[in-house]
Amino acid sequence: MKLLKICLTALSLGLAGSTFAAELGDDGLHKTAWMRDTFKDLSEDLAEANAEGKRLMLIVEQRGCIYCAKMHKEVFPLPNIDAYLKEHFFVVQINMFGDVEVTDFDGESLPEKDMVRKWGMLFTPTLVFLPQEVAEGQTAAQAAVASVPGAFGPGTTYNMFTWVVDKEYEGDESFQKYLARKLAE
């Protein structure tokens with residue numbers, strides 16, 4: 001039945017000839033092998049990411065988001081991006097309108113939809129990159145080294161990933177200048 005649903009969805013979108021990078025979960029969000037199913041306690045997720053030598057990345061998505069679908073079908077499945085995600089990131093998905101409890105770094109627990117509102121996020125997908133250490137009392141939004149609302153092409157996405165992993169945000173070169181330099185190389 002689930003396979004039939006996926007096939008019908010592909011036909012309705014005119015994508016019957018494409019391979020699926022991610023399937024839709026019961027919540028209507030794309031699910032990938034590199035996403036982690038956690039209790040959504042961000043302090044615990046950060047500790048686990050650090051123990052694995054990875055960076056914590058939150059991905060805020062919503063059911064029916066055409067830009068989320070674009071990222072999951074055209075960008076994330078590219079071999080270099082998929083491999084980079086698997087090797088360098090601990091990814092936790094947040095449903096913009098979900099009811100699953102999320103515990104923020106400041107200790108506050110709220111349903112996903114209320115946490116997203118607390119963080120002031122308005123667009124999906126939004127990628128939130130966290131540092132390896134979060135100061136006491138900070139929220140995820142306050143601690144983030146970068147927050148990327150919207151869908152971007154493969155070059156911008158890959159370079160954002162490397163900018164975060166290489167901690168380029170600690171230097172004087174903004175991401176925009178970094179991206180321009182990388183694309184020119």
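**Close-up 1. Methionine 115, a buried residue in a predicted model.** Methionine 115 comes out at a relative accessible area of 0%, so it counts as buried, the cut-off being under 20%. Its home is helix H5, which runs over residues 112-119. Skip the neighbours within four places in sequence, and the contacts of methionine 115 are Val102, Asp104, Glu108 and Leu110. As for aspartate 99, it sits 16 residues from methionine 115 in sequence, and the C-alpha to C-alpha distance between the two is 9.8 Å.

**Close-up 2. The largest nonpolar core.** This core is made of 23 residues, and Phe76, Leu85, Phe89, Phe129 and Phe161 have the most contacts inside it. Plenty of elements chip in: at least two residues each come from strands E4 (55-61), E5 (89-95), E8 (126-129) and E9 (146-149), and from helices H3 (66-75), H4 (79-88), H7 (154-165) and H8 (175-184). H7 gives the largest share, with 4 residues.

**Close-up 3. Phenylalanine 129 and its contacts.** With neighbours within four places in sequence left out, phenylalanine 129 touches Leu56, Met57, Phe89, Ala144, Val145, Ala146, Val148, Met160, Phe161 and Val164. There's also a second core, separate from the largest one, with 21 residues; among them are Val102, Val128, Ala140 and Ala143.

**Close-up 4. Residues 1-20, where pLDDT stays under 50.** For residues 1-20, the model has 10 contacts beyond four places in sequence. Over the chain, mean pLDDT is 90, with 89% of residues at 70 or more.

Notes:
Residues numbered from 1 in each chain as written. Predicted model: local features only at pLDDT ≥ 70, side-chain atom pairs only at ≥ 80, totals over all residues. Heavy atoms only, no water. Buried < 20%, exposed > 50% of the residue type's maximum accessible area, 1.4 Å probe, protein only. Contact = heavy atoms within 4.5 Å. pLDDT = per-residue confidence, 0-100. Core = buried A, V, L, I, M, F, W, Y, C linked by side-chain atoms within 4.5 Å.
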